[in-house]
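Please open the structure in your viewer and keep the selection tool at hand. The tour moves from one element to the next, saying what to select and what is there.

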Amino acid sequence: MSFSLYEPNSLISKINRNEVTSVSSGFVKIFNKSLEVWEGSEGYFDVTVMPLVNAWGFGPGMKSDIERNIIDSLLQYVGMNKVKIENNQVIKENPGVTLDFNAIAQGYSVDVLAEYFDSLSIENYMIEVGGEIITKGLNHEQQLWKIGIDRPDFGNMIPGQQMQVILQIRNRALATSGNYRKFYEEDGVKYSHSINPKTGYPSRNQLLSATVLADDCMTADAWATAFMVMGLEKSKAVLETKKDLEAYLIYGDEVGQYRVYATKGVEPYILKEK
């Protein structure tokens, strides 16, 4: 009821319709983390991208017939520099600015559940919401939690059926973003759900899947999405500077073969790799 774009009475839906401006502490947390990642990614992660998401048919709105002038008209509403929160009040530069927390709200939901479990002094758990995960302690066999990362094959729609790697982790959060499940094909062209807020078009680069490990799931969730939009080389540059993040990136080479880039900190987590 706070962050769902598919629920007309949710807080974010009312904010987007400019019916209310006052927001909750959770809303502020997500917005501030989004702003942090927006700045750190040089604008590739942007929660004001909703008009473009709808236009391309990946949101609750109706898909538009895309033309360059339509994209240009929508880009005027995109940019986290066009909205801020002061004293728990949303202030928009333009009433047409709308927010989409779908790339971060699941991770935040995982963190909320983890905080609740911690308050109950639960020492061992694995929480998963929509593929976003946080772990603590050990599993029921007194072993590290084993988390599978799917191969990014188009048409690989069943999680866990075809896995690229199994990671064993504890006291870490993990999120994976990819374009191999959420896409549509039109006139022989695949359009992914990762929209580049700078161009207004679906991101097209060699990166197929981005798995990020962080201390909290909200951070992992946001950066996994950011990397999918940024592409391989820009993501590698960010990872060299952000030592609080680890990543396992799967990309396609010039001849269509899968390749992997993993930060050094991921190597101890790898249990089995295909």
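Select strand S6 (residues 163-169) together with S13: three bridges join these strands, which run antiparallel. Within this pair, the bridge partner of valine 165 is glutamate 273 in S13. Strands here are DSSP runs of E of at least two residues and helices are runs of H or I of at least four, both numbered from the N terminus, and two strands pair if DSSP finds at least two bridges between them. The model is a predicted one, in which local features need pLDDT of at least 70 and side-chain atom pairs count only at pLDDT 80 or more, while totals for chains, interfaces and linings use all residues. Residues are numbered from 1 along each chain as its sequence is written, and side-chain values use heavy atoms, with hydrogens and water left out.

Now widen the selection to the open sheet of three strands, whose order is S5-S6-S13 and whose pairing is antiparallel. Its edge strands are S5 (145-150) and S13 (270-273), each of which pairs on one side only. From one strand to the next the twist averages 20°.

Next, select strand S10 (residues 207-214). Eight of its eight residues are buried, so S10 is largely enclosed by the rest of the structure; buried means under 20% relative accessible area, exposed over 50% and partly exposed in between, with a 1.4 Å probe and protein chains only. Add strand S7 (residues 173-178), which is joined to S10 by six bridges and runs antiparallel to it, with serine 177 opposite alanine 210 of S10. Then add strand S11 (residues 246-252), which is also antiparallel to S10 and is joined to it by six bridges; here threonine 211 stands opposite tyrosine 248 of S11.

Move on to helix H2 (residues 25-40). At 1.5 Å a residue its 16 residues should span 22 Å, and its end C-alpha atoms are 23 Å apart, which agrees; the expected span is 1.5 Å times one less than the number of residues. Colour the buried residues of H2, among them Phe27, Ile30, Phe31, Val37 and Trp38. What covers the buried residues of H2 includes helix H1 (11-16), strands S1 (83-86) and S2 (89-92), and helices H5 (105-119) and H6 (217-230). Just after H2, glutamate 42 takes a positive phi of about 60°.

With H2 still selected, add H6: the two axes come within 10 Å and cross at roughly 40°. That makes H2 oblique to H6; angles under 35 degrees count as roughly parallel, over 145 as roughly antiparallel, 65 to 115 as roughly perpendicular and the rest as oblique. The contact is made by Lys29, Ile30, Lys33, Val37 and Gly40 of H2 and by Met218, Thr219, Ala222, Trp223 and Ala226 of H6, where contact means heavy atoms within 4.5 Å. Axes are lines fitted to C-alpha atoms, for helices over the stretch in contact, and angles run from 0 to 180 degrees between N-to-C directions.

Keep H6 and select H5 beside it. Their axes are 7 Å apart and the helices pack at an angle of about 165°, and H5 and H6 are therefore roughly antiparallel to each other. At this interface Ala105, Gln106, Gly107, Tyr108, Val110 and Asp111 of H5 meet Cys217, Met218 and Asp221 of H6.

Finally, select the whole protein chain, whose secondary structure comes to seven helices and 13 strands. Buried residues make up 50% of its 274 residues.
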